[in-house]
There are 2 protein chains.
Amino acid sequence: MQQPRGTRVRGTRQAEALAAALASLPGFCSAQEIHAELRRRGEHVGLTTVYRHLQVLSEQGSVDMIRDASGETLYRQCATTVHHHHLTCRSCGRSVEVEGRVVEQWAEKVAAEAGFTSVDHTVELFGLCPVCSGG
Amino acid sequence: MQQPRGTRVRGTRQAEALAAALASLPGFCSAQEIHAELRRRGEHVGLTTVYRHLQVLSEQGSVDMIRDASGETLYRQCATTVHHHHLTCRSCGRSVEVEGRVVEQWAEKVAAEAGFTSVDHTVELFGLCPVCSGG
DNA sequence: CTGATAATGGAAACGATTATCATCTTATCC
DNA sequence: GGATAAGATGATAATCGTTTCCATTATCAG
Ligand SMILES: [Zn+2]
Ligand SMILES: [Zn+2]
Ligand SMILES: [Zn+2]
Ligand SMILES: [Zn+2]
């Protein structure tokens, strides 16, 4: 296995366990929930390590990061790595990936008209999923 | 003076001072920045009281509330009370109120297609204002 | 004035996240 | 194999914005 000399990315038991947990979780979860899920699976991974890996993964774009109403950070490994947004259930965290060309265009137009530069956008939808709606 | 019996809303020196400060601040500020601004004006208002009033005002819709990249809550008294979003300067906090019919429609459509109910949206734009862009 | 009710604010508590740092793993070289 | 150095881990402590406590103060009706 060729590695760029001195960089070992993943391969540790903890990283594998975290990757597996992320892959199996269907919605956005907090670091602490993910930590609890790992424990539930019998994997012992320190909370600090969970935070550390989530940070790296989110910087890489491997996991998405949003903030819930209380300000807590939630993480999820999405199916796609191209730019998208989410429609997330407030109750269970389950999330649908959505893309919105019109939103991207709107954001660019608004930014240009106001003369702002380096503009990025936060667009998140929160609601109750069909299951949690109790239908 | 007719008051609904037992409800005294505003009128205290602290509430007035806070209202004045909010009216004069041109952009989004944290509770602590507002607290500092009050002190700068010679008004002594406890930090707890600042938080308390900001919470009430935001529940009433009198002030808008957003979260910056670090998760800190920022407040601003906007010119309008109708639904809108913001294009905010990451550097100085100055903010432009923007409305986007297409975004509202997009959000509704996405929510309906996924079968979610009680959907609301968070849409914020952050960039560098013309001044802070250093043009 | 007097008791009742509301508002204030300093201090302590909270909770998610981050920084420390001693220990454990892993890989490489002899 | 074993020595050694770099990297990763995780229990603990520290951070920091925010909230809760609660004793004190302000306001008002009667
Ligand atoms: Zn749900
Ligand atoms: Zn987008
Ligand atoms: Zn606004
Ligand atoms: Zn909107």
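Residues 1-9 of chain A keep a pLDDT under 50 throughout, and for this stretch the predicted model has one contact beyond four places in sequence. Where pLDDT is low, predicted coordinates should not be read in detail. Chain A taken as a whole has an average pLDDT of 92, and 93% of its residues score at least 70.

With that caution in mind, we can turn to the metal sites of chain A. The zinc ion (ligand 1) is held by the SG atoms of C89(A), C92(A), C129(A) and C132(A), which lie at 2.2 to 2.5 Å. Along the sequence, these donor residues follow the spacing C-x2-C-x36-C-x2-C. The angles among the four donor atoms run from 99 to 125 degrees, and the site of the zinc ion (ligand 1) is tetrahedral. For comparison, the ideal angle for four tetrahedral donors at a metal is 109.5 degrees. Two of these cysteines can also be described by their accessibility: C89(A) is buried, with a relative accessible area of 2%, whereas C92(A), at 37%, counts as partly exposed.

The zinc ion (ligand 2) has another set of protein donors, namely NE2 of H83(A), H85(A) and H121(A) together with two OE entries from E104(A), lying 1.9 to 2.6 Å from the ion. The spacing of its donors along the chain is H-x1-H-x18-E-x16-H. Within this set, E104(A) and H121(A) link distant parts of the chain, since E104(A) sits in helix α4 (residues 101-114) and H121(A), 17 residues apart from it, sits in strand β6 (residues 117-128). Both E104(A) and H121(A) are buried.

Cysteines also deserve a look in chain B. A disulfide is a covalent bond between the sulfur atoms of two cysteines, and a search of the whole structure finds zero of them over all chains. The cysteine sulfur closest to that of C89(B) belongs to C92(B), but because the two are 3.7 Å apart, they are too far for a bond. In their accessibility, C89(B) is buried at 2%, while C92(B) is partly exposed at 38%.

Finally, what surrounds L38(B), a residue of helix α2 (residues 31-40) in chain B? Leaving aside residues up to four places away in sequence, L38(B) touches A17(B), L18(B), A21(B), E43(B), V45(B) and V50(B). One of these, A21(B), is 17 residues away along the chain, yet its C-alpha atom is separated from that of L38(B) by 6.7 Å. L38(B) is buried, because its relative accessible area is 0%.

Terms used: Residues are numbered from 1 along each chain as its sequence is written. Chains are lettered from A and ligands numbered from 1 in the order in which they are written. This is a predicted model: local features need pLDDT of at least 70, side-chain atom pairs count only at pLDDT 80 or more; totals for chains, interfaces and linings use all residues. Side-chain values use heavy atoms; hydrogens and water are left out. Buried means under 20% relative accessible area, exposed over 50%, partly exposed in between (1.4 Å probe, protein chains only). Contact means heavy atoms within 4.5 Å. Donors are N, O and S atoms within 2.8 Å of the metal (3.2 Å for Na, K and Ca); water is not among the atoms, so sites may look incomplete. Helices (H or I, at least four residues) and strands (E, at least two) are DSSP runs, numbered from the N terminus. pLDDT is the predictor's confidence in each residue, from 0 to 100. Four donors count as tetrahedral if all angles lie between 85 and 135 degrees; four count as square planar and six as octahedral if opposite donors are over 155 degrees apart and all others between 65 and 115; anything else is irregular. A disulfide is a pair of cysteine sulfur atoms within 2.5 Å.
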